[in-house]
Amino acid sequence: MEIKNVAYTYLALAIVLGALYPVALYVAGHNGMNIFEFLVIGFTMGSAGSLAFVFLRNKQRKLLSYLLNKKDLAILLFVGLLTHGFTSFGLLYVEQHMSVPLATVIFRMQPLLMLLFLPFILREKVTQYQVAALVLAVLGMSIAITGGSISTFVVNNLPIFGLLIFVTLLDAVLPTIIKRYAYDIESSVFLFNIAALIFFVMIYLSYGAPSSPIGTASIEALAYVGIFFAFNPFFYYGAFRRLKSTIVTNTYFISPFLTFLFSAVLLSQPLYPYYFVVAALTAIGVYIQTLDKKGGTYIAKNKVARQHISIYDVTSAFINTNVDAVHDAMKGSGRVLAVKIDREHYNGIKGIIEMMRSQHLAGKSASLIYTHFDGNYINEKESDFIRDIIGVKDNEVVLMSAGAPETSERVFDSLVYERQAGLAHTI
């Protein structure tokens, strides 16, 4: 299956699983089960499931490398504590004081907040198309929150509302951090679950490990949550890394609408006509996203590169690369950046590219340079994916640089802009 199709499949699965998650939390919280006991059992199941998935995907060597690297382990455990631990507890706690639809639509506003972080953390360019699409989605969410009338929206408990806003903000910024660093997804999800499990075990024990009767409804909720913790992050981050960030976040606005439907069917909560207005606005927003051609391009720090070269971040194409040289160049904060040049331009710098690549392989250059048709560093699916997302014509060549983004910017500055400027001056 093509990389883009895989990404959209992951996104669809994440949306459905995410839509059912608030319903499962509501069921557990309203059937007399202790919150911390529920989370301990849920994360135990999630940890076991995600570990099995690591072995199923043959990623145990990467997991071991993270366990032996103190810095990587500390980063992944900390992020897991926040993403899996605090947000799960916060949403579960909030839903004991607020209806599922209301809590869900507020929580699912994180795409708007994420828009604030994209230029700074991922250095993604935000366009008017993305802003318009998100405004429509937020308008839909506002209609859902207010019930179609601002006068009906009354916050009876400001601390609870504040906690929900904080959890939403946290859920908006953390995925961008995860996308920023090229950690293996399967191994990361397992460590996220372990971090949350350790945290909640400590809290649960500090309260004397209270036990509560577990009914059929709670068992069903636990079974679902265990599956959710094990697989949903893999699907969500898998889609988020491969697709344009705002495509994923805007499409994810469908999830609250599905939650409304699930709440009506499974919890007998009312289904209002304006919910369908929310769905229509979301659909329009998703369509607007398809018109966007420049959103998601990389914002260069280098002034010359920023003004004269369109740079794309194509790291997502190489998440599962089997090429050690590319994988090593992406470690930590490394990225794969790309530019489009015409074939005549490429023929003029081919010798320089080969020389720079040799220097990199010899450890004398920090950036690995290659093209979209260089079979030693990129496979056919990765090449097709890159050509599709950045729109490559038949007479164009994609020049890529894997390594520190700032180094890649300087490479493009010298190979692309300076040569173009020199040719123009000569003419």
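This is a selection-by-selection tour of a predicted model.

**Whole chain**

Start with the protein chain in cartoon view, where 18 helices and five strands can be found. Colour by accessibility next: of the 427 residues, 53% are buried. If you draw a contact map, look at the pairs with a sequence separation of 6 or more; 84% of those contacts join residues 24 or more positions apart.

**The largest nonpolar core**

Select Y21, F38, L164, F200 and Y236. These residues touch the most other members of the largest nonpolar core, which has 72 residues. Add helix α1, residues 3-29, which contributes 14 residues to this core, the most of any element. As background, nonpolar side chains in soluble globular proteins tend to be buried together.

Now centre on L164. Which residues is L164 in contact with, leaving aside its neighbours within four places in sequence? They are L91, V94, M98, A103, I106 and F107.

For the second core, select F318, A338, L368 and F385. They are among the 21 residues of a core that is separate.

**Helix α4 against helix α9**

Show residues 70-94 (α4) and residues 185-206 (α9). The two axes come within 7 Å, and the crossing angle is roughly 65°. The crossing of α4 past α9 is right-handed.

To see the contact itself, display side chains on both helices. On α4, pick L73, L76, L77, V79, G80, L81, T83, H84, G85 and F89; on α9, the residues they meet are S188, L191, F192, N193, A195, A196, F199 and F200. Sorted by class, this contact holds twelve nonpolar residues, six polar ones and no charged ones.

**Helix α2 and V40**

Keep α9 on screen and add V40, which lies in helix α2, residues 35-56. Is V40 buried or exposed? V40 has a relative accessible area of 13%, so it counts as buried, the cut-off being under 20%. Beyond four places in sequence, its contacts are L197, F200, V201 and Y204. Put a distance label between the C-alpha atoms of V40 and L197: the separation is 5.9 Å, although the two residues are 157 apart along the chain.

Next, check the length of α2 from end to end. With 22 residues at 1.5 Å each, α2 should span 32 Å, and its end C-alpha atoms are 31 Å apart, so the two values agree.

**Positive phi at N58 and A209**

Past the end of α2, select N58, which follows the helix and has a positive phi near 60°. N58 sits in the loop between α2 and α3 (60-68). With a relative accessible area of 58%, N58 is exposed. For reference, most residues other than glycine have a negative phi.

Then move to A209, in the loop between α9 and α10 (216-242). Here too phi is positive in a residue other than glycine, with a value near 50°. The relative accessibility of A209 is 31%, so this residue counts as partly exposed.

**Helix α12**

Select residues 254-267, helix α12. For its 14 residues the expected span is 20 Å, and the end C-alpha atoms lie 19 Å apart, so α12 also agrees with 1.5 Å a residue. Colour its buried positions: S255, P256, F257, T259, F260, S263 and L267. Step past the end of α12 to S268, where phi is positive, near 60°.

**Strand β5 and helix α17**

Go to S401, in strand β5, residues 396-403. S401 counts as buried, because its relative accessibility is 0%. Which residues does S401 touch, not counting those up to four places away in sequence? The contacts are R335, V336, L337, S367, L368, I369, S408 and F412. L368 has already appeared on this tour, as a member of the second core. Add A329 for a distance check: from S401 the C-alpha to C-alpha distance is 9.2 Å, with their positions 72 residues apart in sequence.

The last stop is S383 in helix α17, residues 380-390. S383 is buried, with a relative accessible area of 8%. Apart from residues up to four places away in sequence, S383 touches H372 and I378.

Technical notes
Residues are numbered from 1 along each chain as its sequence is written. This is a predicted model: local features need pLDDT of at least 70, side-chain atom pairs count only at pLDDT 80 or more; totals for chains, interfaces and linings use all residues. Side-chain values use heavy atoms; hydrogens and water are left out. A nonpolar core is a set of buried Ala, Val, Leu, Ile, Met, Phe, Trp, Tyr and Cys residues joined through side-chain atoms within 4.5 Å. Buried means under 20% relative accessible area, exposed over 50%, partly exposed in between (1.4 Å probe, protein chains only). Helices (H or I, at least four residues) and strands (E, at least two) are DSSP runs, numbered from the N terminus. Contact means heavy atoms within 4.5 Å. Axes are lines fitted to C-alpha atoms, for helices over the stretch in contact, and angles run from 0 to 180 degrees between N-to-C directions. A crossing is left-handed if the near helix is turned anticlockwise from the far one by less than a right angle, and right-handed if clockwise. Ala, Val, Leu, Ile, Met, Phe, Trp, Tyr, Cys and Pro count as nonpolar, Asp, Glu, Lys and Arg as charged, and the others, Gly among them, as polar. The expected span of a helix is 1.5 Å times one less than its number of residues.
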